[in-house]
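User: Hello! I am new to this structure and would like to get to know it through a few questions. Could you walk me through it?

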Amino acid sequence: MFRVTVSRVRAAAIAPCRRASAGAGAVNRLLSNIPEDTVYGGPKPQTVSQRTTLTNLRQKYRRGEPITVVTAYDYPSAVHVDTAGMDICLVGDSAAMVVHGHDTTLPISLDEMLVHCRSVARGATRPLLVGDLPFGSYESSPSQAVDSAVRMLREGGMDAIKLEGGAPSRITAAKAIVEAGIAVMGHVGLTPQAISVLGGFRPQGKNVSSAVKVVETALALQEAGCFSIVLECVPAPVAAAATSALQIPTIGIGAGPFCSGQVLIYHDLLGMFQHPHHAKVSPKFCKQYGNVGDVINKALLEYKQEVGSKSFPGPRHTPYKINADDVAGFLDELQKRGWGEAATAAAAAVQTMDISPKPLD
Ligand code: KIV
């Protein structure tokens, strides 16, 4: 389907001379999906890229190749995750903390998660997309769980869902969702939605009964039909045992190297929060692969300084031209309307920026 985008309409308004002179070719281009010279670029080529499937993941798992997972919450992070070639992109309820600034994952709602999911689905075309069912969206009954999972796929554009915990009601919910035809990723160990009963963000599996529970719960979720299990904040031997006992991939976070794959939170691995207030947000198991926060801070300070000193925007970043005749006509019109000062300002801008006399092609 051909669409005339907002950026095209804006470009058309900004460059009427260009469009008029281009003739029939321009009409064709306005109706095509091939980008032309627009202000913000053009629509993307409409090629269908290959989405990672559960079959691809199973093959990777059988070959013993680690599965790569990272979270994303919006269009730009999704584009980066896609470009890096990750296997799975998780729209985690960690959005509540790293995007919305809450101290826990509990406050985020399903409707808010769906906004994140849709943005990610637009940006990440290749990884398998997993949407986290947030707190309060699946605990009451299997039918509530199925309804929420259906929304994740239908309204959020996800390929699968993740849910936390392994209490009998969660196992029943996972089974019901799988029976509804929706792939489910389980999540055991530290399950942040349960901090009320866990007594905070505490590692799990640190004594015999807790360690056995991690393995048992993972097995029960496998039995319910989950395609993969996240193991969060458990000692490496516990993760190794679960990984060995299961016939589906484990994805570790703070669980050591003996998992079938690893997941990290986008903001943590990029080092987005480079500020003393946010030191608490980055967990100790997370390796920072970048210092994006430093880069952002530096760029924002430089921008602030340049706006303050009026060195931005200079001629190079003032791209839109008006030809000499139109400037003259414009100045006349301003004068006629009694806006002498505005005319003086416009004339001074022409002098300062040297922005007038380039004819439009
Ligand atoms: O919400 C999230 O990002 C997660 C990961 C920590 C696995 O559940």
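Analyst: Gladly! Angles under 35 degrees between helix axes count as roughly parallel. Please keep in mind that this is a predicted model.

User: How are helix 7 and helix 8 oriented to each other, roughly parallel or roughly perpendicular?

Analyst: The axes of helix 7 (residues 110-123) and helix 8 (residues 142-154) cross at roughly 25° and come within 9 Å. Angles under 35 degrees count as roughly parallel. Helix 7 and helix 8 are therefore roughly parallel.

User: Which residues of helix 8 make the contact with helix 7?

Analyst: Helix 7 passes helix 8 in a right-handed crossing. On the helix 7 side, the contact is made by Leu110, Asp111, Met113, Leu114 and Cys117. From helix 8 come Ser148, Arg151 and Met152.

User: How many nonpolar residues does the contact of helix 11 with helix 12 have?

Analyst: Helix 11 (residues 208-223) and helix 12 (residues 236-245) have axes that cross at roughly 25° and come within 9 Å. Helix 11 brings Ala211, Val214, Val215 and Leu219 to the contact, and helix 12 brings Val238, Ala241, Ala242 and Ala245. By class there are no polar and no charged residues in the contact of helix 11 with helix 12, and the nonpolar count is 8.

User: How far is an N or O atom in the side chain of lysine 162 from an oxygen atom of the ligand?

Analyst: Several residues surround the ligand, among them Asp93, Asp132 and Lys162. A polar side-chain atom of aspartate 132 lies 3.1 Å from a ligand oxygen atom. For an N or O atom in the side chain of lysine 162, the distance to an oxygen atom of the ligand is 2.9 Å.

Definitions and conventions:
Residues numbered from 1 in each chain as written. Predicted model: local features only at pLDDT ≥ 70, side-chain atom pairs only at ≥ 80, totals over all residues. Heavy atoms only, no water. Axes fitted to C-alpha atoms, helices over the stretch in contact; angles between N-to-C directions. Helix = DSSP H or I, 4+ residues; strand = E, 2+ residues; numbered from the N terminus. Contact = heavy atoms within 4.5 Å. Nonpolar A, V, L, I, M, F, W, Y, C, P; charged D, E, K, R; others polar. Near = heavy atom within 4 Å. Polar contact = N/O pair within 3.5 Å; in protein donor to acceptor, adjacent residues only side chain to side chain. Parallel < 35°, antiparallel > 145°, perpendicular 65-115°, else oblique. Left-handed = near helix turned anticlockwise from the far one by under 90°.
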